[in-house]
Amino acid sequence: MFTCRLPRLTRHYSVASSLKVANSFIDAIGNTPLIRLKRLSEETGSDILGKAEFMNPGGSVKDRAALFVVKEAEERGKLKEGGTVVEGTAGNTGIGLAHVCRSKGYKCVIYMPNTQSQEKIDLLRMLGAEVYPVPAVAFENPENYNHQARRHAEKLPNAVWTNQFDNIANRRAHLETTGPEIWEQTGGLVDGFTCSTGTGGTLAGVTRFLKEKNPKIKSFIADPPGSVLYNYFKSGGKVLNERSGSSITEGIGQGRVTTNLQQDVELIDDALYISDEKSIEMVYRLLDEEGLYVGASTALNVVAAAEMAKILGPGKKIVTVLCDGAYRYQSRLFSRQWLKSKDLLHAIPEHLQKYIVLP
């Protein structure tokens, strides 16, 4: 009888012994990989490493903050079974909250600027959230989406406004999870960390953890047009009201220093201003060179990481955050008409314009 023996396969992968079945959506949050960005690492002579937060189960870095602000409300007895979570958000925190609320059995109400992508609004509603897109006005205006969210929560029984911008449970998420993960994944050999801020929780929490491990690690804030934080840090904290222009990036940039960021302002070493032209080019470069389909805030972070590497010199390990995927923005970022309306088509190199597939 003829016996067919299959060749023995050599395994080229390993499975961490700690991997196990997650009991729920919330147990799957965190422990995202670091991805080395090959082309930029070669160009700068340093390892440019992206924390792949788009691999969280809700698709973004904000899953971490969403979980921690809900946990904080539960721990303080402000949220009980059948309760309602209300938040003002530019999108991703709302999406994370909608997922967490579905997992835990809470209702979810989201107020957001009506400037956000339709993909985000549709996804929130598909996740069962009650969504109120409202005019985008400054924080000082009582009709700002955050203040409307607070007032909505105050009217409801067993409801909480999670207040992501000034609730330091947001910062705690990154102090207790993201920072330690980066330290472990790099074996403690990290020289710099940079990312943009919306609430400030990611930058503050990760910076605090890494600086406590090694004070020599540098931390740079990356800032888009229309935000005041670049000038604030460059002026040594003296200028906080010079806000002009706007950016294609969503959910980042600020007109104030949030409570989350205020905790660790003194630990930030420098600030980088990243133009929309550089960010949109990097969206397309990452797709073409690395196979990463990411949003504009992620691209901004990667541009900042490359600039930080040039400032610190070769041979360094620079970590940044790959916030989310481009799926939530594709009707804009890959639309020729939209790019023209923002005067950004010229910023995309000719050989990359093949990815502009929407009219």
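Axes here are lines fitted to C-alpha atoms, for helices over the stretch in contact. With that in hand, welcome to a short tour of a predicted model.

**Figure 1. Helices H3 and H4 lie side by side in this predicted model, roughly parallel to each other.** H3 covers residues 92-104 and H4 covers residues 118-126. Their axes come within 9 Å and cross at roughly 15 degrees. Angles under 35 degrees count as roughly parallel, and H3 and H4 are therefore described that way. The crossing of H3 past H4 is left-handed. To find the contact, look for Asn92, Gly94, Ile95 and Ala98 on H3, which meet Lys120, Leu123 and Leu124 on H4. Sorted by class, the contact of H3 with H4 has 4 nonpolar, 2 polar and 1 charged residues.

**Figure 2. Helices H6 and H7 cross at an oblique angle.** Here the partners are H6, residues 169-185, and H7, residues 201-213. The two axes come within 7 Å, and they cross at roughly 50 degrees. H6 passes H7 in a right-handed crossing. On the H6 side, the contact is made by Asn170, Arg171, His174, Leu175, Thr178, Gly179, Pro180, Ile182 and Trp183. H7 contributes Gly201, Thr202, Ala204, Gly205, Val206, Arg208, Phe209, Leu210 and Lys213. By class, the contact of H6 with H7 has 8 nonpolar, 7 polar and 3 charged residues.

**Figure 3. Helices H10 and H11 pack at an angle of about 95 degrees.** H10 runs over residues 276-290 and H11 over residues 296-312, with their axes 8 Å apart. That angle makes H10 roughly perpendicular to H11. From H10, the contact takes in Lys278, Ser279, Met282, Val283 and Leu286. H11 meets them with Ala296, Ala299, Leu300, Val302, Val303 and Glu307. Counted by class, the contact of H10 with H11 has 8 nonpolar, 1 polar and 2 charged residues.

**Figure 4. Domain 1 and domain 2 meet at an interface that buries about 900 Å².** Domain 1 is made of two stretches of the chain, 29-56 and 172-355, while domain 2 spans 81-157. Taken over C-alpha atoms, the centres of the two domains are separated by 25 Å. At the interface, 11 residues of domain 1 are in contact with 11 residues of domain 2. Of the area buried between the domains, 43% is on carbon and sulfur atoms. If you would like some side chains to start with in domain 1, try Glu250, Arg256 and Arg328, which lose the most area to domain 2. Together, Glu250, Arg256 and Arg328 account for 55% of what the domain 1 side buries.

Definitions and conventions: Residues numbered from 1 in each chain as written. Predicted model: local features only at pLDDT ≥ 70, side-chain atom pairs only at ≥ 80, totals over all residues. Heavy atoms only, no water. Axes fitted to C-alpha atoms, helices over the stretch in contact; angles between N-to-C directions. Helix = DSSP H or I, 4+ residues; strand = E, 2+ residues; numbered from the N terminus. Parallel < 35°, antiparallel > 145°, perpendicular 65-115°, else oblique. Left-handed = near helix turned anticlockwise from the far one by under 90°. Contact = heavy atoms within 4.5 Å. Nonpolar A, V, L, I, M, F, W, Y, C, P; charged D, E, K, R; others polar. Domains from an automatic or database assignment. Buried area = accessible area lost by both parts, 1.4 Å probe.
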